[in-house]
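Me: I would like a close look at one part of this structure. Please take the paired strands and the enclosed spaces beside them, and walk me through residue by residue.

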Amino acid sequence: MWEWEQLSAWDVRSLYRVIGDCRDLGTEPGLWQRRACEGLAELLGAPANGGEGLVGADGATTPVSTVHYGFDAQVLELYAEYHRVNATKADPFYRALAGTPGMRVTRARRDLVADDVYLRSSVFEQYLEPGGVHHRLMSIRHSPNGSAVSVLHLHRAARERRFSAREQQAVDFFHAELGRLIGRSVVSATEPSPSALPRRLRQTLAYLVHGHSEKEVAKRLGLSPLTTHQYVTTLYRRFGVQSRAQLLSHVLMRDRQAEWARPPEPDAKD
């Protein structure tokens, strides 16, 4: 069915059903990411993996979360080693795709890297060829500020057919629609955790979660109103929101039962 050139209404409905499942699982990055890979693998008939990573100052990606669906034990072991050594840095396909302009880029390997380069690469020889991974279709979506990426990646063996233009469209469409939810109704594994905030920011946030005004927070923590407002502004920047309502919605979706969210006891000034 994927030999046709254009997506059909059935394709779009099927992709949206998987996206809906991801939204329902959105509070747990590992769960929605696995469902995304599972859904694409079943629709396209190819094993899939993916996850999220942080982009360093040098442009290299450090994996934060990885999920796999449809691989046998040998390939899983090879991919575990691939991620352990962060082989994306040496993977000619990943490097070419990550360096392609655009917030979201979806390509088949042959579109970007010639056989004579790819098949002689150390990544192919050490991690992909032993597991029978040959044809590859990958989509990378950069976060709005460029600090993180979401990756979807499908594979086929050399004896199987190449990925079609329609399959590429399907993965690109899926990543575009799912990407609108990441960091909003779908939690990103790369998001800053409230639990990792400095103590004063964590205390300020906990009081806000429990309904206290900035003036009340300042009084309880023994801070000036100006300092408290600066903390609140810092929290807005840290979580990429623009209002108190957005901040509380963002945080409560992610850490409703967390230890840090209990109202702290007032303590002495720092």
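Reply: What follows covers the strands, then the cavities, then one arginine and one helix. The model is predicted.

Start with strand β1, residues 48–55. Strand β2 spans residues 61–69, and 8 bridges join it to β1. The two run antiparallel. Two bridge pairs help you find the register. Gly50 is partnered by Val67 of β2. Glu52 is partnered by Ser65, also in β2.

The two strands form a hairpin, with 5 residues between them. Look at Gly59 in that turn: its phi is positive, about 90 degrees.

β1 also pairs with strand β5, residues 148–156. Here too the sense is antiparallel, and the pairing runs over 7 bridges. Leu54 has Ala148 of β5 as its bridge partner. So β1 has pairings with β2 and with β5, and 6 of its 8 residues are buried. That burial is why β1 counts as largely enclosed by the rest of the structure.

Now the enclosed spaces. A search of the whole structure finds 2 cavities of 30 Å³ or more. The largest holds about 220 Å³ of space. β1, β2, α3 (73–84) and β5 each give two or more residues to its lining. β2 gives the most, with 6 residues. In total, 20 residues line this cavity. Those nearest its centre are Thr66, His83, Thr88, Tyr94 and Val151. By class, the lining has 8 nonpolar, 11 polar and 1 charged residues.

The second largest cavity has about 50 Å³ of space. Its lining draws at least two residues from each of α2 (29–44), β1 and β5. α2 supplies the largest share, 4 residues. The lining includes Trp32, Gln33, Ala36 and Cys37. Gly50, Gly51 and Glu52 are also among the lining residues. So are Val67, Ser150, Val151, Leu152 and Leu178. Class by class, that is 7 nonpolar, 4 polar and 1 charged.

Several names now recur. Gly50 and Val67 are bridge partners, and both line the second largest cavity. Glu52 lines that cavity as well, and its bridge partner is Ser65. Val151 is in the lining of the second largest cavity, and is also one of the residues nearest the centre of the largest.

Next, go to Arg156, in strand β5. Arg156 is buried, with a relative accessible area of 5%. The cut-off for buried is under 20%, so 5% qualifies. The side chain of Arg156 makes a polar contact with the side chain of Glu167, at 2.7 Å. Leaving out residues up to four places away in sequence, Arg156 touches Leu44, Gly45 and Ala46, among others. Gly132, Val133, His134 and His135 are also touched by Arg156. Further contacts of Arg156 include Arg161, Arg162, Phe163 and Glu167.

Last, compare a helix. Helix α9 covers residues 199–209, and 9 of its 11 residues are buried. Therefore α9, too, is largely enclosed by the rest of the structure. Its buried residues include Arg200, Leu201, Gln203 and Thr204. Leu205, Ala206, Tyr207, Leu208 and Val209 are buried as well. Just after α9 comes Gly211, with a positive phi of about 90 degrees.

Notes. Residues are numbered from 1 along each chain as its sequence is written. This is a predicted model: local features need pLDDT of at least 70, side-chain atom pairs count only at pLDDT 80 or more; totals for chains, interfaces and linings use all residues. Side-chain values use heavy atoms; hydrogens and water are left out. Two strands pair if DSSP finds at least two bridges between them. Buried means under 20% relative accessible area, exposed over 50%, partly exposed in between (1.4 Å probe, protein chains only). On a 1 Å grid over the protein atoms alone, a cavity is a set of points where a 1.4 Å probe fits but cannot get out, and a pocket is an open set with protein on both sides within 12 Å along at least five of seven lines; lining residues have an atom within 4 Å of a point. Grid points are joined across faces, edges and corners, and a volume is the space filled by probe spheres set on the points. Ala, Val, Leu, Ile, Met, Phe, Trp, Tyr, Cys and Pro count as nonpolar, Asp, Glu, Lys and Arg as charged, and the others, Gly among them, as polar. A polar contact is a pair of N or O atoms within 3.5 Å; within protein, one must be able to donate a hydrogen and the other to accept it, and residues adjacent in sequence count only if both atoms are side-chain atoms. Contact means heavy atoms within 4.5 Å.
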